[in-house]
Amino acid sequence: MLNRLRIKLLMTAMSLAAVDSWAAPTNDAAMVGLHHATLLRQGDTVVGPLLSSQPLHVVVALKPRNQDQLDAYMAIPGFKPLTPEQYDAKYAPTQAQADAVANYLRRAGLTDVRVGPNRLMVEASGPVDAVQVAFATHLVQVRTHDGRDGYANASDVQIPAAWQGSVVAVLGMQNVHRLRTYVRSGVRTADPLLPGAVFPHNPTDFPVIYGARNLPSATSVTPGIITAGDMTAAKAHLKLFTAIDGLPSVNVIVVGPGSSDTSANVEWDLDTQAIVGMGGVRSLVLYDGVSLNDPDIYSTLYLALTDQVNLPPIINISLGECENDARASGLVASDVLFQAAQSQGRTFSVASGDSGADECGNGGTTPWYPASSPYVIAVGGTTLSATPVLNSWSGETAWTGGGGSPSTFEPIPSWQRNVAGITNQTYRAVPDIAYDADTNSGALIVTDSSVLGRPAGTPVITPLAGTSLASPIFVGAWVRIIQAKGYNPGFASPKLYALAQSRFYATAFHDITSGNNISTPGGSNGYFAGPGWDYTTGWGSLVADQAVNHIH
């Protein structure tokens with residue numbers, strides 16, 4: 001039976017063949033293919049050519065220099081983190097490479113052409129007709145299966161042949177596949193009475209539950225969050241949250257263009273309040289993009305990487321998409337940014353997804369991206385049980401929705417090799433650790449009444465969860481560890497894997513041995529939790545005050 005994406009590609013080709021005016025654009029440069037035509041999902045419909053004057057945001061992602069040397073250096077256990085200046089001097093693309101891209105885009109009619117500070121990105125804006133000529137492709141209007149008006153490249157994206165050694169991706173040719181948030185909302189229940197109960201928690205309970213109460217609040221450590229849209233509500237709700245709980249006020253720094261988009265407000269409420277509740281931070285940096293479209297998020301990640309003012313040691317990403325879509329669109333070029341951050345001792349913490357082992361929704365086992373990147377820490381989900389009043393940890397099981405499986409193409413990082421439980425020793429395994437993600441045991445978050453189906457505009461407190469909660473909990477734990485140690489230990493993943501494979505595993509982690517992430521009842525496309533590392537919860541949840549002295 002034909003794959004449903006291939007069926008849609010066939011339909012797209014038939015639609016294009018029926019419109020003679022959609023001839024391939026011409027360009028005098030010798031061109032080579034970079035990305036194939038966008039594969040549409042069942043229910044996506046091509047409705048015609050994209051209006052030639054429609055403005056687009058385009059990002060050209062460049063490759064690092066001396067990639068083999070960089071890989072070899074980072075494979076050294078305990079390598080000394082590079083400074084941004086050291087990375088730029090040895091591994092960033094040359095000015096000539098970046099200028100060649102920028103000048104080409106200008107000649108093609110694109111405007112507002114900007115070369116990034118370390119030259120890993122060149123971005124520009126321009127009308128559809130200029131973009132089509134620049135990349136010898138063909139853009140069409142698409143009505144997506146979920147009711148959005150989007151666009152996609154109906155033919156291959158091409159680049160000048162001279163760029164083959166320096167360009168890894170061109171983003172902005174489609175927005176049919178895009179990152180999304182995955183917040184789950186629950187129902188607030190009566191206060192539980194018995195130990196081992198499953199119930200929602202105030203975010204300030206998590207330091208007690210996960211063994212961080214004996215560590216100092218991260219008053220001098222500033223974590224970051226990748227966001228998109230209008231941050232007005234997130235800032236107001238965070239202020240109300242801290243006032244209700246008697247917490248010190250938090251200085252929220254917004255860096256980036258942002259926009260008037262409020263569609264993901266509930267996500268930013270969850271991210272900010274969970275990090276503040278778990279970490280006790282006094283400042284947050286929100287790297288705020290225009291939208292969740294690939295080029296806008298890439299630009300936002302780049303902004304976080306190159307911010308030399310705030311330099312957050314850890315940055316939360318509660319976003320993702322099917323890794324196959326991310327590969328096809330070029331978004332996996334973000335690996336370049338994540339690797340640069342890792343080389344500098346910084347950590348991106350990423351939610352592993354909320355669709356179980358089948359994040360692509362095709363009946364298989366595929367993770368979402370960027371959780372599957374080998375240069376981030378992927379945080380899966382659990383169902384948490386606790387003792388009421390004392391808020392002591394009673395147990396955790398794998399949450400059915402928690403994303404976890406082998407990648408289909410990302411290589412296994414050195415710190416995962418030979419780990420028992422990782423059955424596929426070729427590809428990156430997701431997740432690395434896990435925390436509370438079930439709405440039944442989630443976080444009581446101040447958000448807008450619209451999340452309950454009521455008229456918008458009134459703050460309410462309601463349970464929110466998903467791995468969009470799990471990742472911020474880890475960010476809060478990690479900044480407390482940094483505060484306690486007095487320095488940043490570096491990229492978190494190899495540190496935690498070394499700890500988990502030491503004699504301290506039983507005390508430094510809650511090993512989660514029951515539950516599964518089979519999202520389809522009665523299905524088989526998923527994994528079961530077991531002793532040690534597994535594809536549902538990784539190593540389990542970190543007990544921060546037991547781990548801190550063994551992380552070096």
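Asp146 has a relative accessibility of 49% and counts as partly exposed. (Buried means under 20% relative accessible area, exposed over 50%, and partly exposed in between, with a 1.4 Å probe and protein chains only.) The exercises below use this scale throughout.

The model is predicted, so local features need pLDDT of at least 70, side-chain atom pairs count only at pLDDT 80 or more, and totals for chains, interfaces and linings use all residues. Residues are numbered from 1 along each chain as its sequence is written, and side-chain values use heavy atoms, with hydrogens and water left out.

**Exercise: salt bridges**

Find the salt-bridge partner of Asp146 and give the N to O distance.

Solution. Take the criterion: a salt bridge is a side-chain nitrogen of Lys or Arg within 4 Å of a carboxyl oxygen of Asp or Glu. Asp146 pairs with Arg148, and their closest N and O atoms are 3.7 Å apart. Now check the partner. Arg148 is partly exposed, at 22% relative accessibility.

Which residues does a set of shared salt bridges join into one network? Asp112, Arg114 and Glu123 are joined this way. Within that network, Arg114 bridges to Glu123, with 3.3 Å between the closest N and O atoms. Arg114 is partly exposed at 31%, whereas Glu123 is buried at 12%.

Next, examine the pair Arg143 and Asp149. Their side chains form a salt bridge with an N to O distance of 2.8 Å. Arg143 has a relative accessible area of 37%, so it is partly exposed. Asp149 stands at 55% and counts as exposed.

How many salt bridges does a search of the whole structure find? The search finds six.

**Exercise: a surface patch**

Name the residues that form a nonpolar patch with Ile461 and give their accessible area together.

Solution. Start with the rule. Patches are made of residues with over 30% relative accessible area and no salt bridge; like charges are joined within 9 Å, and nonpolar side chains (Val, Leu, Ile, Met, Phe, Trp, Tyr) within 5 Å. Check Ile461: its relative accessible area is 36%, which makes it partly exposed. Then list the members. Leu240, Ile244 and Ile461 make up the patch, and together they have about 230 Å² of accessible area. (Accessible areas come from the Shrake-Rupley method with a 1.4 Å probe; for residues, only the protein chains shown count as cover.) Finally, place Ile461: it belongs to strand 24, residues 459-465. (Helices, H or I with at least four residues, and strands, E with at least two, are DSSP runs numbered from the N terminus.)

**Exercise: two helices**

Describe how helix 9 and helix 11 are arranged.

Solution. Two packed helices are described by the angle between their axes and the distance between the axes. Locate the helices: helix 9 covers residues 294-306 and helix 11 covers residues 334-343. Their axes come within 10 Å and cross at roughly 15°. That makes helix 9 roughly parallel to helix 11. (Axes are lines fitted to C-alpha atoms, for helices over the stretch in contact, and angles run from 0 to 180 degrees between N-to-C directions. Angles under 35 degrees count as roughly parallel, over 145 as roughly antiparallel, 65 to 115 as roughly perpendicular and the rest as oblique.) Add the hand: helix 9 passes helix 11 in a left-handed crossing. (A crossing is left-handed if the near helix is turned anticlockwise from the far one by less than a right angle, and right-handed if clockwise.)

**Exercise: backbone geometry**

Which residues does a cis peptide bond join, with omega about 15°?

Solution. Most residues other than glycine have a negative phi, and most peptide bonds are trans. Tyr369 and Pro370 are joined by the cis bond. Pro370 sits in the loop between strand 17 (368-369) and strand 18 (377-387). Another cis bond links Val430 to Pro431, with omega about 0°. Pro431 is in the loop between strand 21 (427-430) and strand 22 (433-436).

Now turn to phi. Leu311 is not a glycine, yet its phi is positive, near 45°. Leu311 lies in the loop between helix 9 and strand 14 (314-317). Asn391, also not a glycine, has a positive phi of about 55°. Its loop runs between strand 18 and strand 19 (392-398).

Is each of these residues buried, exposed or partly exposed? Leu311 is partly exposed at 38%. Asn391 is buried at 12%.
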